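The following questions and answers explain how terms are applied to the structure shown here.

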Amino acid sequence: MFEDFTIRDAEIHDMPLIIEIYNSTIPDRMVTADLEPVSVESRMQWFNNHSPVFRPLWVVESNGVICAWVSFQSFYGRPAYQHTAEISIYIHQEFRGKRLGKFLIQKAIDACPRLEIKTLLGFIFGHNEPSIKLFNSFGFEKWAHLPNVAELDGIERDLLILGKRII
């Protein structure tokens, strides 16, 4: 099944679809702390902070159509943390629940030595049990629990930081 997917570095012209997939997750209140859709323009600095050789932003295509994306982001923005990255995975709603997340986490882990990443982090809402279960299945452990730090539609939510040493 996964041979039908192609992973490549994102290009500027991919941004509308990247943002469309991201915005599709906002109403569920499960994966992002954004409460309203974001624009391509508002995310350009985020896009420009990625680099294929250091902190890639990948798009995943199926039959030439972007169906997911994976982002590696620097943690805390200080030089001493250069070998630590936060991973984010966003999947188009038509491709969710088909084990694509497992495939992408494995691809990300496999890329870590080349990217000189020794530690991967996932920032996941405490009520997002499917994502927690997915990350745990790859050996990510709960390294931090930030209670009630987000408020989504009047409901306070916890944020978990799951971590995994790669090297």
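**Terms and evidence**

Q: What makes residues of α3 such as Leu100 and Phe103 count as buried?
A: Buried means under 20% relative accessible area, exposed over 50% and partly exposed in between, with a 1.4 Å probe and protein chains only. In α3, the residues that are buried include Leu100, Gly101, Phe103, Leu104, Ile105 and Ala108. The model is predicted, so local features need pLDDT of at least 70 and side-chain atom pairs count only at pLDDT 80 or more, while totals for chains, interfaces and linings use all residues. Residues are numbered from 1 along each chain as its sequence is written, and side-chain values use heavy atoms, with hydrogens and water left out.

Q: Why is α3 called a helix, and what is its span?
A: Helices are DSSP runs of H or I with at least four residues, and strands are runs of E with at least two, numbered from the N terminus. Helix α3 covers residues 100-115 and has 16 residues. The expected span is 1.5 Å times one less than the number of residues; α3 reaches 22 Å from its first C-alpha to its last, close to the 22 Å expected.

Q: How do you know that β6 and β7 pair?
A: Two strands pair if DSSP finds at least two bridges between them. Strand β6 (residues 141-152) and strand β7 (residues 155-165) are joined by 8 bridges and run antiparallel, so they meet this rule. One of the bridge partners is Leu162 in β7, which faces Lys142 in this pairing.

Q: Why is the contact of Asp14 and Arg8 called a salt bridge?
A: A salt bridge is a side-chain nitrogen of Lys or Arg within 4 Å of a carboxyl oxygen of Asp or Glu. The N to O distance for Asp14 and Arg8 is 2.8 Å, so the pair qualifies. Asp14 has 3% relative accessibility and therefore counts as buried, whereas Arg8, at 22%, is partly exposed.

Q: What makes Arg8, Asp14 and Glu61 a network?
A: Salt bridges link these residues, since Glu61 also meets Arg8 at 2.9 Å, N to O. Glu61 lies in strand β2 and Arg8 in strand β1, so the pair ties together parts that are 53 residues apart in sequence.

Q: Is Asp153, the partner of Arg29, buried or exposed?
A: Asp153 has a relative accessible area of 57% and is therefore exposed, while Arg29, at 16%, counts as buried. Their closest N and O atoms are 2.9 Å apart.
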